[in-house]
Amino acid sequence: MGVNWGTRSLPPLPAGFSGSTTKSGTFMDGDLLVNKDGVRIVSQTETEAPPLIKPSDNQLNLEDIDTIKVVGKGSGGIVQLVQHKWTGQFFALKVIQMNVEESARRQIAQELKINQSSQCPYVVVCYQSFYSNGAISIILEYMDGGSLADFLKKVKTIPEEYLAAICEQVLKGLLYLHHEKHIIHRDLKPSNLLINHRGEVKITDFGVSAIMASTSGQANTFVGTYNYMSPERISGGKYGYKSDIWSLGLVLLECATGQFPYSPPEQQDGWTSFYELMEAIVDQPPPSAPSDQFSPEFCSFISACVQKEPQQRLSAQELMTHPFLKMYGDLNVDLSEYFTDAGSPLATLSNLSGMSIACIQFQIVKIQISDFLVLSAFEDD
């Protein structure tokens with residue numbers, strides 16, 4: 001028969017004890033760790049890392065994480081790189097102040113709903129959410145390679161074989177969102193695709209996503225980043241899952257050419273007029289991959305994504321069987337090696353233990369975080 005500890009507090013420590021207790025009730029003294037979950041002995045010389053916390057563990061507490069650095073700022077909130085005191089595990093902590101407009105509150109609620117219900121290896125994992133002192137804190141999976149936008153600034157362009165591997169992961173994420181969760185992302189862009197040193201690519205930032213009541217549902221609300229909007233969206237019409245496919249086509253074309261597919265008027269660094277951008281997207285022919293620079297398969301894939309009429313675009317499921325994704329299968333493309341060799345400032349984390357965190361040297365990486373509460377894109381300096 002087990003002992004029921006109840007909620008009794010521990011008696012005062014006898015003289016001579018040098019341990020300390022965290023706010024969450026974790027007692028530490030040398031290699032001894034004690035909390036509500038039990039006792040653990042962690043040798044300061046052991047090389048094996050403690051078991052990493054999984055989303056299903058429900059073990060995270062804000063008092064047991066240390067803030068390393070603020071890595072992103074948006075309207076009403078910030079994103080921090082944090083480290084768990086016991087395991088040395090890194091997380092991204094999004095802190096959102098709730099003194100915002102009602103529309104922003106609805107977006108926050110939407111993000112929480114999607115984060116808590118999404119369990120997919122191609123979507124950034126949400127571990128836990130907390131509400132304290134007028135702010136919501138969301139503990140997210142830490143992607144140590146930053147965003148695809150950051151990576152693209154470094155490499156300028158991405159070769160087809162790596163784009164095919166990246167695209168396959170993004171499509172699997174969209175397939176999960178569209179068909180299993182009935183979610184339109186509505187803000188798919190390079191800064192909302194995060195990468196890590198394992199070669200993983202994951203979709204993030206659901207602050208403007210729409211949950212559809214049925215698989216055939218359509219939406220007509222106008223939120224998201226203008227540049228990557230499909231013609232039916234930017235013109236204010238009804239749209240469905242295939243609006244995300246248009247955005248994917250623009251993202252891939254930008255990664256391949258190093259330039260956003262819609263060029264602004266001469267002598268301008270970017271689009272300054274929403275109406276000029278809308279006119280270009282709605283009235284001009286859809287962008288295409290130059291046939292003299294890219295394979296017919298890639299050109300065909302882009303064309304299948306950026307059809308002006310959504311009914312003519314292929315779905316995520318249909319694109320999964322496109323020849324472009326199959327043509328480089330024999331090359332055994334290694335995104336992990338590519339992300340690392342290209343010089344992305346990836347963090348190398350090894351031999352982490354709860355009692356030797358202070359001795360670990362690591363490089364803090366910059367995470368591009370899009371503005372999750374406003375319509376325009378957040379540009380991190």
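# Exercises on a predicted model

The side chains of Arg198 and Glu200 form a salt bridge, with N and O 3.3 Å apart. The structure is a predicted model, and the exercises below start from this contact.

**Exercise 1. Determine which residues are joined into one network by salt bridges that share partners, and how exposed Arg198, Glu200 and Lys202 are.**

Solution.
1. Begin with Arg198, whose relative accessibility is 48%. Partly exposed covers the range between 20% and 50%, so Arg198 counts as partly exposed.
2. Turn to Glu200, the partner of Arg198. The relative accessible area of Glu200 is 24%, and this residue is likewise partly exposed.
3. Look for a further partner of Glu200. Lys202 forms a salt bridge with Glu200, and their closest N and O atoms are 4.0 Å apart. The cut-off for a salt bridge is 4 Å.
4. Assess Lys202. With a relative accessible area of 5%, Lys202 is buried.
5. Assemble the network: through shared partners, salt bridges join Glu141, Arg198, Glu200 and Lys202.

**Exercise 2. State how many salt bridges the structure has, and explain why the pair of Asp66 and Lys85 ties together separate parts of the sequence.**

Solution.
1. The count of salt bridges is 7.
2. One of them is formed by the side chains of Asp66 and Lys85, at 3.8 Å from N to O.
3. Locate both residues. Asp66 belongs to strand E5 (residues 65–74), whereas Lys85 is in the loop between E6 and E7; the pair therefore ties together parts that lie 19 residues apart in sequence.
4. Check the exposure of Asp66: its relative accessibility of 36% makes it partly exposed.

**Exercise 3. Describe how E6 and E7 are paired, and compare this description with that of E8 and E9.**

Solution.
1. E6 and E7 run antiparallel and are joined by 7 bridges. One bridge places Gly77 opposite Ile96 in E7.
2. Examine the connection. The two strands form a hairpin with 5 residues between them, and Gly88 in the turn has a positive phi of about 75 degrees.
3. Consider the surroundings of E6. Of the 8 residues of this strand (residues 77–84), 7 are buried, so E6 is largely enclosed by the rest of the structure.
4. Repeat the analysis for strand E8 (residues 126–132), which pairs with E9 in the antiparallel sense over 6 bridges. Here Ser132 has Ala135 in E9 as its bridge partner.
5. The hairpin of E8 and E9 has 2 residues between the strands, and Asn133 takes a positive phi near 50 degrees.

**Exercise 4. Count the aromatic pairs, and classify the pairs Phe90–Tyr142 and Phe301–Phe324.**

Solution.
1. A search of the whole structure yields 14 aromatic pairs.
2. For Phe90 and Tyr142, the ring centres are 5.8 Å apart and the planes stand at 40 degrees, so this pair is tilted.
3. Place the rings in the chain. Phe90 is in strand E7 (residues 90–97) and Tyr142 in the loop between strand E9 (135–141) and helix H2 (148–155); the pair links distant parts of the chain, 52 residues apart. Phe90 and Tyr142 are both buried.
4. For Phe301 and Phe324, the centres are 5.5 Å apart and the planes at 50 degrees, so this pair is tilted as well.
5. Phe301 lies in helix H7 (residues 296–305) and Phe324 in helix H9 (residues 323–326), 23 residues apart. Phe301 and Phe324 are buried.
6. Extend the search around this pair: Phe294, Phe298, Phe301, Phe324 and Tyr328 form one aromatic cluster.
7. An aromatic ring may also face a charge. The charged end of Arg233 sits over the ring of Tyr239, 4.7 Å from the ring centre.

**Exercise 5. Identify the buried residues of H7 and the helices against which they pack, then explain why Cys167 and Cys305 are not bonded.**

Solution.
1. In H7, the buried residues include Phe298, Cys299, Phe301, Ile302, Ala304 and Cys305.
2. The buried residues of H7 pack against helix H3 (160–180), helix H5 (242–257), helix H8 (316–319) and H9.
3. Test Cys305 for a bond to Cys167. The closest cysteine sulfur to that of Cys167 is in Cys305, 6.6 Å away, which is too far for a bond. The cut-off for a disulfide is 2.5 Å.
4. Record the accessibility of Cys167, which is 0% in relative terms and counts as buried. Cys120, at 10%, also counts as buried.
5. Conclude with the total: the structure holds 0 disulfides.

Methods
Residues numbered from 1 in each chain as written. Predicted model: local features only at pLDDT ≥ 70, side-chain atom pairs only at ≥ 80, totals over all residues. Heavy atoms only, no water. Phe/Tyr/Trp six-rings, centres within 6.5 Å; stacked < 30°, edge-to-face > 60°. Helix = DSSP H or I, 4+ residues; strand = E, 2+ residues; numbered from the N terminus. Buried < 20%, exposed > 50% of the residue type's maximum accessible area, 1.4 Å probe, protein only. Lys NZ or Arg CZ within 6 Å of the ring centre and 35° of its normal. Pairing = 2+ DSSP bridges. Contact = heavy atoms within 4.5 Å.
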